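Let's work through a few short exercises together. Have a look at the model first, then try each task before reading its solution.

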Amino acid sequence: MATKHEEQIDGFKFEQRHGKERVRVGRVWRSGENGRHVFVEWNVSISLLSDCINAYVRADNSDIVATDTMKNTVYVKAKECSEQVSVEEFAIILAKHFTTFYQQVTTAIIKIVEKPWERISIDGQPHDHGFKLGSERHTTEVILNKNGALRVTSGVDGLALLKTTQSGFEGFIRDQNTILPETRERMLATEVSASWRYYFESLSSVSNKSLGFTEKYLNVKKVLVDTFFGPPKEGVYSPSVQATLNYMAKAVLGRFPEVSSIQLRMPNIHFLPVNLSSKANPVIVKFEDDVYLPTDEPHGSIEASLSRIQSKM
Ligand SMILES: O=c1[nH]c(=O)c2[nH]c(=O)[nH]c2[nH]1
């Protein structure tokens, strides 16, 4: 049985969705603790699966939720949030609106990226209304079906990490095209993109207010970072980006029972050894794990996901 956003037309299967991407909204809550302002900036993408096939095949727009209306809804809901909400909660609020308000909409997919505005401190004192831009971004994706089936993922993007030692790469395939030397001493740099899925499977299971998504986000990010680096003095040896990625994914699933799976993307950002020579002077600069040429292209691309195997009990 075809769902309502797909149909058989002239012997073809037709599937469609529509939405609005990159709706930007900033929200200030002025009633924070100690009179402190809270500020967030979100970039929202909405995609709706809905029964509006007539618009495609019969030039009949009567079932269309205008993407302009979707954009406006972001501002309306931001206004309605009189108390601070996390980026995940805001995505759930939007998804709930689209799937309950419109009979035509069967599923809402909401993706949001939060811009990393961080409260500034002046002489060690947190400022009441001053913010500066940080680096990595908190992300979320919420998929909500009309029947209440829910998928919530949180993530981090652009988490740039580098360590100057405790990294190597040995024992890989060597053939006629291989020139990379084996090493137990190299720089390791990456920009982690992670997304992890929570166990909630229905709207009713997240309806209480003590969700703590932001705290969980910070905790997961800390485990990712701590596992990448190891203890402050000795660190932890990385035999490859692949192995480190897996340690990080395992640490998150080990620490957070409410997380059912995690996906990690960790480009290997290369810092090339600098050796300079000329005919006259064979050794102008000799690389001694000290002078590097930083690059961003090309880079290795390494990604994996780790999921709990669902018990059938
Ligand atoms: O950690 C690494 N994994 C690779 O797959 C790879 N390939 C490569 O050239 N260097 C590295 N390093």
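**Exercise 1.** Work out whether Arg 186 is buried or exposed.

*Solution.* Start with the cut-offs: a residue is buried if 20 or more other C-beta atoms lie within 10 Å of its own, exposed if 12 or fewer, and partly exposed in between, with C-beta atoms placed from the backbone. Next, count around Arg 186: 20 other C-beta atoms lie within 10 Å, so Arg 186 is buried.

Before going on, note that this is a predicted model, where local features need pLDDT of at least 70, side-chain atom pairs count only at pLDDT 80 or more, and totals for chains, interfaces and linings use all residues. Residues are numbered from 1 along each chain as its sequence is written.

**Exercise 2.** Find where Arg 186 lies and which residues it is in contact with, leaving aside neighbours within four places in sequence.

*Solution.* First, locate Arg 186 in the loop between β9 (150-163) and β10 (188-198); strands are DSSP runs of E, at least two residues, and helices are runs of H or I, at least four, numbered from the N terminus. Then list its contacts (C-beta atoms, placed from the backbone, within 7 Å): Ser 167, Gly 168 and Phe 169.

**Exercise 3.** Do the same for Thr 67, and classify its exposure.

*Solution.* Thr 67 lies in helix α2 (residues 67-80). It has 15 other C-beta atoms within 10 Å, so Thr 67 is partly exposed. Beyond its neighbours within four places in sequence, Thr 67 is in contact with His 18, Gly 19 and Lys 20.

How values were computed: Two residues are in contact if their C-beta atoms, placed from the backbone, lie within 7 Å.
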